[in-house]
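Please open the model in your viewer and keep the sequence panel beside it, since each stop on this tour asks for a selection and then describes what is found there.

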Amino acid sequence: MQTNAPSTASAISAPVKIAVVGAGNVGASFAYALLLSGIASEIVIIDANRAKAEGEAMDLAHSAPFAPPVRVRVGDYSDCAGAVVTVVTAGANQKPGETRLQLLEKNAGIFQQIIPAVVEANPTGVLLIATNPVDVLTALSLQLSGLPTSRVMGSGTILDTARFRHFIGSHVGVAPQNVDAYIIGEHGDSEVAVWSQVQIGGVPLDDFCAAAGIVMTQEHKDEIFRRTHRAAYDIIERKGATYYAIGAGLVDVVAAIVRDENRVLPVASVTDGVAGISGIAFGMPTIVNRDGASRVLPLPLSESEQEALFRSADVLRTSLSHVQQA
Ligand SMILES: NC(=O)c1ccc[n+]([C@@H]2O[C@H](COP(=O)([O-])OP(=O)(O)OC[C@H]3O[C@@H](n4cnc5c(N)ncnc54)[C@H](O)[C@@H]3O)[C@@H](O)[C@H]2O)c1
């Protein structure tokens, strides 16, 4: 799950508190992956459903003998004080018949309670948002928090990108770690696959396939993107929710912050002219370090990719203006 987990010794020597708001599927999966990673010395679990948070904290704490040293406990918002990162996974899930906009309004209302409470206790940490619709809630969290832009980020397209790399890697027979590829834009229906920049171990995809005798037609690419794009629906249809991959991905982002790694990850932060887009948050390859979302990379895009990104930005801008007016 973690490619380069730290030694137990480093976890002991530098106390690292991480707070998790929302002890549902995603919050609990993230906390479990975090616990096993050894990155945190203290994990605080917060949820409106106190009993659920207590149950998860107890179950997680009992994993401690099998994991690097870590203290897991239930808390309330004041316990976010001193957390290097507060990860927000709390919120309502889409109910049958409910539109995405209705869900957005509901979760925006929840965030109006959560974000000021977290920031009052912890004005110096990084906020990492995973609740959907994640891009709009990231932009809203920046407004509600009053924190610097770099310290409010969303999980962006880390999950979509992981799925994209997985499917490309399976097709070409290379480990997904060596597939350099990005999904950018909205974490959702308007996301954009940046095929023009896909590389396998540093070799452009089409050159790699030609040299290796691998057939990769436009139909294959369309099918890989379709599966990437449909993955959440395909999983939810079978098991009701998706949580392990996002849990592991959130640990990757937290590790990059805690260890000041300068990792390039497709998180979301509110942009100022990135790819010609300002004032909204969306997934773009970004240097992540102790400051949070430190710098967005100028990923070269083809004309059609740039147009698709503008369309994705329009979708996000419309949703954001909806909650800003609400
Ligand atoms: N960013 C991504 O890539 C990604 C991937 C998967 C899921 N998600 C999203 O993550 C979110 C959580 O999903 P889940 O499956 O864990 O849902 P869940 O229903 O299992 O958990 C949500 C938790 O939030 C808590 N909660 C609700 N209102 C709260 C409040 N005001 N304060 C504190 N806690 C509150 C609930 O009690 C519940 O425990 C959803 O919005 C989901 O769409 C995001």
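Is Ala275 buried, partly exposed or exposed? The model is a predicted one, and in it Ala275 has a relative accessible area of 25%, so the residue counts as partly exposed. Select Ala275 and you will be in the loop between strand 13 (268-274) and strand 14. Its phi is near 50°, a positive value in a residue other than glycine. Most residues other than glycine have a negative phi.

Go next to Asp260, where phi is likewise near 50°, again a positive value in a residue other than glycine. The loop that holds Asp260 runs between helix 9 (244-258) and strand 12 (263-265), and with a relative accessible area of 43% Asp260 is partly exposed.

For a contrast in burial, select Ile280, which has its place in strand 14 (residues 277-283). Because its relative accessible area is 2%, below the 20% limit, Ile280 is classed as buried. If you leave out residues up to four places away in sequence, the contacts of Ile280 are Ser269, Val270, Thr271, Ala313, Leu316, Arg317 and Leu320. A C-alpha to C-alpha distance drawn from Ile280 to Asp314 should read 9.5 Å, for a pair that is 34 residues apart in sequence.

Now select the ligand and display its surroundings, which consist of 23 residues, the closest being Asn25, Val26, Asp47, Asn132 and Ser155. Three polar approaches are worth labelling. At Asp47, an N or O atom of the side chain is 2.6 Å from an oxygen atom of the ligand. At Ala48, a polar backbone atom is 3.1 Å from a nitrogen atom of the ligand, while at Gly91 a backbone N or O atom lies 3.2 Å from a ligand oxygen atom. The ligand taken alone exposes 870 Å², and the protein buries 84% of that. Colouring by secondary structure shows that helix 2 (25-37) and helix 4 (100-121) are the elements giving two or more residues to the shell around the ligand, with the largest share, three residues, coming from helix 4. Colouring the shell by residue class instead gives ten nonpolar, twelve polar and one charged residues.

From Asn132, one of the closest residues to the ligand, step along the chain to Pro133. What kind of peptide bond joins Asn132 and Pro133? The bond is cis, with omega at about -5°. Most peptide bonds are trans. Pro133 itself lies in the loop between strand 5 (126-129) and helix 5 (134-145).

Asn132 also leads to His187, which touches Asn132, Val134, Asp135, Gly156, Thr157, Leu159 and Asp160 once residues up to four places away in sequence are set aside. His187 sits in the loop between strand 8 (183-184) and strand 9 (192-193), and a polar contact of 3.0 Å joins its side chain to that of Asp160.

As a last stop, select the cysteines Cys80 and Cys209. Cys80 is buried, with a relative accessible area of 0%, and Cys209 is buried as well, at 3%. How many disulfides does the model contain? The count is zero, taking a disulfide as a pair of cysteine sulfur atoms within 2.5 Å.

Technical notes
Residues are numbered from 1 along each chain as its sequence is written. This is a predicted model: local features need pLDDT of at least 70, side-chain atom pairs count only at pLDDT 80 or more; totals for chains, interfaces and linings use all residues. Side-chain values use heavy atoms; hydrogens and water are left out. Helices (H or I, at least four residues) and strands (E, at least two) are DSSP runs, numbered from the N terminus. Buried means under 20% relative accessible area, exposed over 50%, partly exposed in between (1.4 Å probe, protein chains only). Contact means heavy atoms within 4.5 Å. A residue is near a molecule or strand if one of its heavy atoms lies within 4 Å of it. A polar contact is a pair of N or O atoms within 3.5 Å; within protein, one must be able to donate a hydrogen and the other to accept it, and residues adjacent in sequence count only if both atoms are side-chain atoms. Accessible areas come from the Shrake-Rupley method with a 1.4 Å probe; for residues, only the protein chains shown count as cover. Ala, Val, Leu, Ile, Met, Phe, Trp, Tyr, Cys and Pro count as nonpolar, Asp, Glu, Lys and Arg as charged, and the others, Gly among them, as polar.
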